[in-house]
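Here are a few exercises to work through with the model open beside you. Try each task on your own before you read its solution.

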Amino acid sequence: RCGWILTPPHLTRSMQDMIDLTYGVMAHSAERLSVNALDLLSTISERTRTLLDANRALLNAFLESNRSHLECFPSEFGTCVMPRLRADGATAFCERLRQDFDTGVVPGHFFEAPDHFRIGIGGPTEIVREGLERIGTALQRFDG
């Protein structure tokens, strides 16, 4: 019930009609959860800050140790980075990472940056750590 969608123009009207039909009444559970979240905002903020600080430290160590494969400034803010793969074939790298290492990143061509890929660090620290290790192993084996 939130977000964006890209669609051919001829589908837009049908989708708008469906939105008008289904958005008339917000989901009660979603409204209730949002009120609860606001009541706990300081707790949620502190937990998020702690998580991102830990994950950012892992990410920056990963970026530093993979400078021969990746070009990227250290992360200071946010939840994502977009390193540039020094070898040709960033899209092929992303596909191989998914197929051979069961690890997902977002290919840069979605952001008009075909030599790049996006890494997110907003998940649990152990998952981020494992994902970065898999990306590192894939980089060592990737020949472009």
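A nonpolar core, as used here, is a set of buried Ala, Val, Leu, Ile, Met, Phe, Trp, Tyr and Cys residues joined through side-chain atoms within 4.5 Å. Keep in mind that you're looking at a predicted model.

**Exercise 1: the core**

Task: find out which residues touch the most other members of the largest nonpolar core.

Solution. The largest nonpolar core has 22 residues. Those touching the most other members are Leu59, Phe62, Leu85, Phe93, Phe117, Ile119 and Ile135. Next, ask where the core comes from: α3, α4, β5 and α5 each supply at least two of its residues. Keep Phe93 and Phe117 in mind, as both names will come back.

**Exercise 2: helix α4**

Task: check whether the length of helix α4 agrees or disagrees with its residue count, then work out how its buried residues are arranged.

Solution. Start with the length. Helix α4 covers residues 90-101, which makes twelve residues. At 1.5 Å a residue the expected span is 16 Å, and the end C-alpha atoms sit 15 Å apart, so the two agree.

Now pick out the buried residues: Ala90, Phe93, Cys94, Leu97 and Phe101. Looking down the axis of α4, you'd find them within an arc of 100 degrees, so they line one face of the helix. The spacing makes sense, because an α-helix has 3.6 residues a turn and residues three or four places apart point the same way.

Then turn the helix around. The face pointing away from the buried side carries Gln99 and Asp100, which are exposed. As for the buried residues, they pack against β3 (84-85), β4 (106-107), β5 (117-120) and α5 (125-141). One last stop: just after α4, Asp102 has a positive phi of about 50 degrees.

**Exercise 3: the aromatic rings**

Task: say how many aromatic pairs there are, and which residues form the aromatic cluster.

Solution. To describe a pair of aromatic rings, you use the distance of the centres and the angle of the planes. The count comes to two pairs.

Take Phe93 and Phe117: their ring centres are 5.4 Å apart and their planes meet at 45 degrees, so this pair is tilted. It links distant parts of the chain, with Phe93 in helix α4 and Phe117 in strand β5, 24 residues apart. Phe93 counts as buried because its relative accessibility is 1%, and Phe117 counts as buried because its value is 0%; the cut-off is under 20%.

Move on to Phe93 and Phe142. This pair is edge-to-face, at 5.3 Å centre to centre and 70 degrees between the planes. It, too, links distant parts of the chain: Phe142 lies in the segment after α5, 49 residues from Phe93. Put the pieces together and Phe93, Phe117 and Phe142 make one aromatic cluster.

**Exercise 4: the sheet around Phe117**

Task: give the order of the strands in the open sheet, and name the bridge partner of Pro107.

Solution. Three strands form the open sheet, in the order β2-β5-β4, with antiparallel pairing. β2 (80-81) and β4 are the edge strands, each pairing on one side only. Between β4 and β5 there are two bridges. The partner of Pro107 turns out to be Phe117, in β5. Phe117 has other contacts as well, including Val81, Leu85, Cys94 and Ile135.

Technical notes:
Residues are numbered from 1 along each chain as its sequence is written. This is a predicted model: local features need pLDDT of at least 70, side-chain atom pairs count only at pLDDT 80 or more; totals for chains, interfaces and linings use all residues. Side-chain values use heavy atoms; hydrogens and water are left out. Helices (H or I, at least four residues) and strands (E, at least two) are DSSP runs, numbered from the N terminus. The expected span of a helix is 1.5 Å times one less than its number of residues. Buried means under 20% relative accessible area, exposed over 50%, partly exposed in between (1.4 Å probe, protein chains only). The arc is that of the directions from the helix axis to the C-beta atoms. Contact means heavy atoms within 4.5 Å. Rings of Phe, Tyr and Trp (its six-membered ring) pair if their centres lie within 6.5 Å; planes under 30 degrees apart count as stacked, over 60 as edge-to-face and the rest as tilted. Two strands pair if DSSP finds at least two bridges between them.
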